[in-house]
Amino acid sequence: MSLDRTSSLGRTSSVDHAPSIDFGRRTLAVRRFGGRLSLRVDVRTVIVTAVLAAAALMLTVVALGLGEFSVAVPDVVAALLGHSSGAVHMVVVEWRLPRVLLALLLGAAMGVSGAIFQSLTRNALGSPDVIGFNTGAYTGALVVILLMGGGYFAVSAGALVGGLVTAALVYLFAFKKGIQGFRLIIAGIAVSAMLASVNTWMILKASLEQAMSAAVWGAGSLNKVSWDQVLPVVGVFVVLLTVLSFYGRRLGLLEMGDDAARALGVRLEGSRLVLAVVGVALTAMVTAAVGPIAFVSLAAPQLARRLTRSASVGMVPSAAMGAFLLVASDIVAQNLFAPVQLPVGVVTVSIGGCYLVWLLAREVKRQ
């Protein structure tokens with residue numbers, strides 16, 4: 001193994017004296033097996049990701065202690081380590097831990113999904129909630145809830161099918177001698193508007209009890225989360241990340257442009273299809289678990305990109321930022337109007353709406 005350090009001054013030190021390129025950023029190059037396996041890591045990206053992950057974990061500990069039954073931080077840590085029993089263990093581990101873990105997982109999933117679509121479209125507005133995949137997954141889940149009365153796994157399947165069908169429609173409407181990011185976004189906004197009307201019509205036609213349940217769930221809520229919802233999400237998340245690990249590098253190559261990616265051996269449409277399916281599946285997983293949660297997928301990749309000062313959207317920093325944002329938003333949702341708990345989707349919409357206005361104003365100034 002050899003380590004290369006490249007700074008803005010272009011100085012390089014290496015055990016095997018391998019040449020290095022000065023990208024104007026401090027990087028760490030790790031080589032194994034005589035240079036046949038190498039990895040170049042940006043130091044700033046690693047530091048920012050680590051800080052975001054640490055901040056998300058700190059918020060996790062804080063969230064586990066907040067509530068009507070307040071628990072001190074040392075007692076929270078003791079409960080997590082299995083050194084407590086009785087009321088503290090029940091409140092921290094059995095009641096609050098599933099909710100916080102789900103917030104971490106779903107926030108990371110939304111961050112990754114947003115990074116995928118923003119990279120594929122090469123546009124900061126290329127997010128699942130803007131393009132309409134959130135709305136499509138909600139439509140599929142509503143069909144199962146209101147028309148079939150399905151359980152948790154049936155709703156999950158309905159959300160996945162709804163998201164995939166919506167993605168296919170958006171792709172079909174946007175396709176014209178290939179796919180361009182701007183056309184995909186415009187087609188997605190149009191399809192999302194139509195599906196939102198369909199969702200409203202279904203809720204209005206449902207019984208009062210079903211309509212109230214669907215409306216609360218449609219706001220995106222982590223209330224009343226249990227371990228039964230966490231375990232399936234963990235399983236699906238691991239499977240999707242495994243698939244993504246084989247295609248993640250191709251995402252960066254696709255950002256370089258079709259010609260460059262093709263020259264580097266990337267199968268364009270096949271890679272885009274797999275990445276899009278994984279992104280839609282992550283969005284559908286979130287919708288099936290707690291309902292549609294808006295704007296985390298939109299904001300997390302761009303905020304992470306600005307902190308890392310990277311030229312492209314990174315999936316790992318986006319996941320860390322998404323987890324941090326959703327845990328922070330859920331803390332606000334639980335405690336802002338305590339003892340009344342808001343759906344976390346209400347908080348993300350409020351914060352994300354301000355971010356979207358700023359982003360649109362910034363994009364207009366750049367034109």
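How many nonpolar, polar and charged residues does the lining of the largest cavity have? The structure is a predicted model, in which local features need pLDDT of at least 70 and side-chain atom pairs count only at pLDDT 80 or more, while totals for chains, interfaces and linings use all residues. Residues are numbered from 1 along each chain as its sequence is written, and side-chain values use heavy atoms, with hydrogens and water left out.

By class, three nonpolar, four polar and no charged residues make up the lining of the largest cavity, where Ala, Val, Leu, Ile, Met, Phe, Trp, Tyr, Cys and Pro count as nonpolar, Asp, Glu, Lys and Arg as charged, and the others, Gly among them, as polar. The residues concerned are Met110, Asn134, Thr283, Val286, Thr287, Ile293 and Ser297, each lining residue having an atom within 4 Å of a point of the cavity, which is a set of points on a 1 Å grid over the protein atoms alone where a 1.4 Å probe fits but cannot get out. Helix α11 (residues 268–290) gives the largest share of this lining, with three residues; helices are DSSP runs of H or I with at least four residues, numbered from the N terminus.

The structure also holds one aromatic pair. The ring centres of phenylalanine 117 and phenylalanine 133 lie 5.0 Å apart with the planes at 55 degrees, so the pair is tilted, given that rings pair if their centres lie within 6.5 Å and that planes under 30 degrees apart count as stacked, over 60 as edge-to-face and the rest as tilted. Phenylalanine 117 and phenylalanine 133 are both buried, that is, under 20% relative accessible area with a 1.4 Å probe and protein chains only.

Key
1 Å grid on protein atoms, 1.4 Å probe; cavity = no way out; pocket = protein on both sides within 12 Å on 5 of 7 lines; lining within 4 Å. Helix = DSSP H or I, 4+ residues; strand = E, 2+ residues; numbered from the N terminus. Phe/Tyr/Trp six-rings, centres within 6.5 Å; stacked < 30°, edge-to-face > 60°. Buried < 20%, exposed > 50% of the residue type's maximum accessible area, 1.4 Å probe, protein only.
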